[in-house]
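Let's take a walk through this structure together, one piece at a time. Keep the 3D view open and follow along as we go.

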Amino acid sequence: MTSLRTDRFLLAPLDEGDRDAFVAYRRDPAVARWQSWTPDFGVADADRLIEGQPTGFPPPAGEWLQLAVRDAGSGALLGDVAVHTVAGPPDTYEVGVTVAAEHQRRGVAGEALGAVVAALFDDHGAHRVIATSDQRNAAVARLLTGLGFRHEGRAVEADWFKGEWTTLDTWAMLARER
Ligand SMILES: CC(C)(COP(=O)(O)OP(=O)(O)OC[C@H]1O[C@@H](n2cnc3c(N)ncnc32)[C@H](O)[C@@H]1OP(=O)(O)O)[C@@H](O)C(=O)NCCC(=O)NCCS
């Protein structure tokens, strides 16, 4: 895959043209709160990520690929979908998603992540797709439930994350559950 098309969006590996918009939403504390990075994420961090990431979809085992979610008309970056090919079990992928605050609650994540999950199952033979979230993140719980992910487990105060014990929810979808 070099790109995926949905009704409203074009998804393709994040590139230099996305950098400023990418940095802007990664610096938003409300977005960073739930993610691995912090609001001091800068241009150099973005350049490293963009230059260092694989380009093929799905990425090689053990690696992550950030797919830009761009408006199909204007090309503006609205967010990204991250795909991780899990090392070990075959045909197993982990996904994550981020949408810039000004584009949230318009179905961007649902449409973009839904398309990526469909491509993993339909075009790449996925057996299982998983996601992990902070128990307090109501938006992602709603999003994943809506896409058909099963709430698989809850690890209570399992992670020491950003200075506090954090409860993790795990989500999964099997090919035969679609
Ligand atoms: C989670 C996130 C990606 C959702 O993006 P989005 O484009 O706003 O999501 P959508 O518009 O597709 O909405 C999907 C569902 O979530 C619901 N939702 C979205 N934001 C919500 C919020 N803040 N609180 C409660 N529900 C919310 C929507 O109502 C919708 O539910 P519905 O289909 O039952 O109507 C976005 O809030 C985000 O980027 N948050 C910060 C980063 C993050 O938490 N990423 C996930 C980490 S795993």
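Let's begin with a spot where the backbone does something a little unusual. Glu157 sits in strand S7, and its phi is positive, at about 45 degrees, although Glu157 is not a glycine. Is Glu157 buried, exposed or partly exposed? With a relative accessible area of 48%, Glu157 is partly exposed, because that category runs up to 50%. Do bear in mind, here and below, that this is a predicted model.

Now zoom out to the sheet that strand S7 belongs to. Eight strands make up an open sheet with mixed pairing, and their order is S1-S2-S3-S4-S5-S6-S8-S7. Which strands form the edges? They are strand S1, residues 4–5, and strand S7, residues 150–161, and each of these pairs on one side only. As for what links neighbours in general, strands of a sheet pair through backbone hydrogen bonds, either parallel or antiparallel.

Start at the S1 edge and work inwards. S1 and S2 run antiparallel, with two bridges between them, and a hairpin of three residues leads from one to the other. If you'd like a landmark for this pair, find Leu4, which stands opposite Leu11 in S2. Strand S2 itself covers residues 9–13 and is mostly covered, with four of its five residues buried. On to the next pairing: S2 and S3 also run antiparallel, and five bridges join them. Here the landmark is Ala12, facing Ala68 in S3.

Further along the sheet, have a look at strand S4, residues 77–85, and strand S5, residues 92–99. These two are antiparallel as well, and seven bridges hold the pairing. To line them up by eye, use Ala82, which stands opposite Gly96 in S5. Something also lies across this part of the sheet: helix H1, residues 19–26, crosses strand S3 (64–71), S4 and S5. The helix runs at about 85 degrees to S4.

The loop between S4 and S5 deserves a stop of its own, since that's the place of Asp91. Like Glu157, which has a positive phi of about 45 degrees, Asp91 has a positive phi, this one about 55 degrees, although it is not a glycine. Asp91 counts as partly exposed, because its relative accessibility is 37%.

From Asp91 you can hop to Gly125, a residue that touches both Asp91 and Leu120, leaving aside residues up to four places away in sequence. Where is Gly125 found? Gly125 lies in the loop between helix H4 (108–124) and strand S6 (128–134). Its relative accessible area is 43%, so Gly125 is partly exposed. There's a link across the sequence here too: Gly125 and Ala175 are 50 residues apart along the chain, while their C-alpha atoms are 8.4 Å apart in space.

Another backbone feature worth finding is in the loop between helix H3 (43–52) and S3, where you'll meet Pro58. The peptide bond joining Phe57 and Pro58 is cis, with omega at about -10 degrees.

Next, follow the sheet to strand S8, residues 164–174, and pick out Asp169. Is this residue buried or exposed? Asp169 has a relative accessibility of 3%, so it counts as buried. Its side chain has polar company all the same: there is a 3.1 Å polar contact with the side chain of His151, and another of 2.6 Å with the side chain of Arg154. Among the other residues that Asp169 touches are Ala131, Thr132, Ser133, Gln135 and Gly153, not counting residues up to four places away in sequence.

Last comes the ligand. How many residues surround the ligand? There are 19, and the closest are Val97, Arg105, Gly107, Asn137 and Arg142. Asn137 places a polar side-chain atom 2.7 Å from an oxygen atom of the ligand. The backbone joins in as well: a polar backbone atom of Val99 is 2.8 Å from a ligand oxygen, and a polar backbone atom of Arg106 is 3.3 Å from an oxygen atom of the ligand. Taken alone, the ligand exposes 910 Å², and the protein buries 76% of that.

How values were computed:
Residues are numbered from 1 along each chain as its sequence is written. This is a predicted model: local features need pLDDT of at least 70, side-chain atom pairs count only at pLDDT 80 or more; totals for chains, interfaces and linings use all residues. Side-chain values use heavy atoms; hydrogens and water are left out. Two strands pair if DSSP finds at least two bridges between them. Contact means heavy atoms within 4.5 Å. Axes are lines fitted to C-alpha atoms, for helices over the stretch in contact, and angles run from 0 to 180 degrees between N-to-C directions. Buried means under 20% relative accessible area, exposed over 50%, partly exposed in between (1.4 Å probe, protein chains only). A residue is near a molecule or strand if one of its heavy atoms lies within 4 Å of it. A polar contact is a pair of N or O atoms within 3.5 Å; within protein, one must be able to donate a hydrogen and the other to accept it, and residues adjacent in sequence count only if both atoms are side-chain atoms. Accessible areas come from the Shrake-Rupley method with a 1.4 Å probe; for residues, only the protein chains shown count as cover.
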